[in-house]
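Let's take a friendly walk through this structure together. Have the viewer open, and we will start with a pocket lining before turning to the strands.

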Amino acid sequence: MAVPVPFSDISKPVNDLLNKDFYHTAAAALEVKSKAPNGVNFTAKGRSAHEGPITGSLEGKYADKASGLTLTQTWTTANSLDTKIELEDNLTKGLKAEILTNYLPAKQSYGGKLNLYYKQPSVNTRLFTDLFKGPIATFDATVGHEGWVVGAEGGYDVGKAAITRYALAAGYSQPTYAASITATNNLSIFSAAYYHKVNTEVEAGAKGTWDSNVGSNVTMEVATKYKLDPSSFAKAKINDKGIAALAYNVRLSTGVTLGVGASVDTQNFKESAHKVGASFTFEG
């Protein structure tokens, strides 16, 4: 039997359709990926926001498949040194452990997290702990059978001896469609989502959300993706506030991808809330 998706991925098909590959969120973004002869993967990222400073990071990642050990180290423009050590299928089949550390030299401050993942047929569980805050632990689990998946999430602050968060979700998926219902933020925000792969070229999806703490109105988003040819696709989405976004992604050559996008406030054309952005990815 298949391993069900983790709790955060129950609505993944429609969330990816609504949120991924829309390039207007940054004025410009650059990502360069390369692999050294010794097997170390390097990723350099830069991002220029519409408002605020330019941010970036340099990441090095090495994986030893024989031992199941992966080491990732990242240095960001915020002068943060992040290290992640992953150990998978070493202690027992289906168990993955992560140790994450964070060091800010300018502030002489440290952070540390321990995450555990355990997957078996029909069951997927995860435990996230922040060792320097609380400590705080978040646990989620999903069970699945023949396309159905049901999951729950809970957070606990050890120092306060109090439950900090809880959520529920359920979904059903097949190769060409998926539907899900989630109740998050301590069962106060409810969402229903539907994804449909119409054919090999067209995908469509919609998501409605009701926040019981805000009011009775339901927010809506709809999106679609069209594969123009083997090397390019276009996406479009619009929400109930009239914000529309368009995106175009094309593979210019081997390892070189360009993405451009724009968002428009269709109810306030004269305002300056419209945004455009571009993204370049180089992979060698």
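Sorted by class, the residues that line the largest pocket comprise eight nonpolar, eight polar and five charged ones. Keep in mind that the model you are looking at is predicted. The volume of this largest pocket comes to about 430 Å³. Its lining counts 21 residues, and those closest to the centre are Tyr23, Ala29, Glu31, Ser279 and Thr281.

Where in the chain does the lining of the largest pocket come from? Strands β1 (28-35), β2 (41-48), β18 (256-265) and β19 (275-283) each bring at least two residues to it. Among the contributors, β19 gives the most, with four residues.

Now turn to the second largest pocket, which holds about 330 Å³ of space. This one, too, has its lining residues, 21 of them, and Pro4, Val5, Gly147, Val149 and Ser173 sit closest to its centre. By class, the lining of the second largest pocket breaks down into 12 nonpolar, six polar and three charged residues.

Which elements supply the lining of the second largest pocket? At least two residues each come from helix α1 (12-19) and from the strands β9 (136-145), β10, β11 and β12. Strand β11 has the largest share of that lining, with three residues.

Since β10, β11 and β12 all appear in that list, let's see how they are put together. Strand β10 covers residues 148-157 and strand β11 covers residues 162-174, and the two pair in the antiparallel sense over 10 bridges. To find one of the pairings on screen, select glycine 154, whose bridge partner in β11 is tyrosine 166. The two strands form a hairpin, with four residues between them. Within that turn, look for alanine 161, which has a positive phi of about 55°.

On we go from β11 to the next strand. Strand β12, residues 177-184, runs antiparallel to β11, and seven bridges join the two. A pairing to pick out here is that of alanine 170 with isoleucine 181, its bridge partner in β12. The link from β11 to β12 is again a hairpin, this time through two residues.

Seen as a whole, β11 is a good place to end the tour: this strand pairs with β10 over 10 bridges, is joined to β12 by seven bridges, and provides three residues to the lining of the second largest pocket.

How values were computed:
Residues numbered from 1 in each chain as written. Predicted model: local features only at pLDDT ≥ 70, side-chain atom pairs only at ≥ 80, totals over all residues. Heavy atoms only, no water. Pairing = 2+ DSSP bridges. 1 Å grid on protein atoms, 1.4 Å probe; cavity = no way out; pocket = protein on both sides within 12 Å on 5 of 7 lines; lining within 4 Å. Points joined across faces, edges and corners; volume = space filled by probe spheres on them. Nonpolar A, V, L, I, M, F, W, Y, C, P; charged D, E, K, R; others polar.
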